[in-house]
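Here is a short report on charged side chains and on a pocket. Look at the structure first, then read on.

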Amino acid sequence: MARLTWLSLLKTRRAIAVIRSDDRAMAWQMAQAVAKGGIEFIEITWNTEKAGELISQLRLEFPTFSIGTGTLLNLEQLQEAIACGAQFLFTPHTDVAMIKVAVDAGVPIVPGAFSPTEIVTAWQAGATCVKVFPISSLGGVAYLKALQGPLGDIPLIPTGGVTLDNAKVFIDAGAIAVGLAGDLFPKHLVANGDWEAIAQIARTLTKNLTTS
């Protein structure tokens, strides 16, 4: 998916489900649940068991969705993710060399950044968006609002502290989208295999965030 097309679609969908598990079968169930609930951007973190295989499988199952990966720490992992067909790439940090490889490959990349300097560095290096992480440690919505004045032209995705209760608040404060993990997958629901309840959580979030 072309960078601008991906970005345009993200602006209308708003939510990215972040899935991390040391059990590939469990990760697949989690992806099925949020997909059923209408979340079309699904991130399988690279430290999930057999992440590359799962990404390839989900792309076949959901050809109109955007299936990507995150927690990419180095060039080798990033290149492996591209090779397995990941449609977007998240990193927890800003690495200009990694950004360049993704840009050259035509795959949207969203590096993590903590400070205005890191955010601008990532953007100038060619990032598709910039992940503000961990947003909870930076002051939450107040920090995102503070960035809008000088950096309002840079599309930002807060993660690491986004919840079902504050997701819409982040969007209203200027975030292009939000990434959610724990709140989408309450531990007791995952442990009990209550996938319909998780799908309903995803439906509610999608309804609250999706724009026409």
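Lysine 36 is exposed, because its relative accessibility of 55% is over the 50% cut-off. The model is a predicted one. Lysine 36 pairs with glutamate 196 in a salt bridge. Their closest N and O atoms are 2.8 Å apart.

Where do the two partners sit? Glutamate 196 belongs to helix α10 (residues 195-209), and lysine 36 belongs to helix α2 (residues 24-36). The pair therefore ties together parts that are 160 residues apart in sequence. Glutamate 196 has a relative accessibility of 36%, so it counts as partly exposed.

**A shared partner**

Glutamate 196 also forms a salt bridge with arginine 203. Here the closest N and O atoms are 3.0 Å apart. Arginine 203 is partly exposed, at 27% relative accessibility. Salt bridges with shared partners join Lys36, Glu196 and Arg203 into one network.

**A pair within one helix**

Aspartate 172 and lysine 168 form a salt bridge too, with 2.8 Å from N to O. Both residues lie in helix α8 (residues 167-172). They are four residues apart, which is about one turn of the helix. Aspartate 172 is exposed, with a relative accessible area of 56%. Lysine 168 is partly exposed, with 36%.

Why can such pairs form? Side chains of opposite charge can pair when their charged atoms come close. How many salt bridges does the model hold? The count comes to six. The table lists three of them, including the two that share glutamate 196.

| Salt bridge | N to O distance |
|---|---|
| Glutamate 196 and lysine 36 | 2.8 Å |
| Aspartate 172 and lysine 168 | 2.8 Å |
| Glutamate 196 and arginine 203 | 3.0 Å |

**The largest pocket**

Now turn to the pocket. The largest pocket holds about 480 Å³ of space. Its lining is made of 24 residues. Which of them lie nearest the centre? They are Val18, Arg20, Leu180, Ala181 and Gly182.

Several elements contribute to this lining. Strands β1 (15-19), β2 (41-45) and β9 (178-180) each supply at least two residues, and so does helix α9 (187-192). What kinds of residue line the largest pocket? The lining divides into 11 nonpolar, eight polar and five charged residues.

Notes:
Residues numbered from 1 in each chain as written. Predicted model: local features only at pLDDT ≥ 70, side-chain atom pairs only at ≥ 80, totals over all residues. Heavy atoms only, no water. Salt bridge = Lys/Arg side-chain N within 4 Å of Asp/Glu carboxyl O. Buried < 20%, exposed > 50% of the residue type's maximum accessible area, 1.4 Å probe, protein only. 1 Å grid on protein atoms, 1.4 Å probe; cavity = no way out; pocket = protein on both sides within 12 Å on 5 of 7 lines; lining within 4 Å. Points joined across faces, edges and corners; volume = space filled by probe spheres on them. Nonpolar A, V, L, I, M, F, W, Y, C, P; charged D, E, K, R; others polar.
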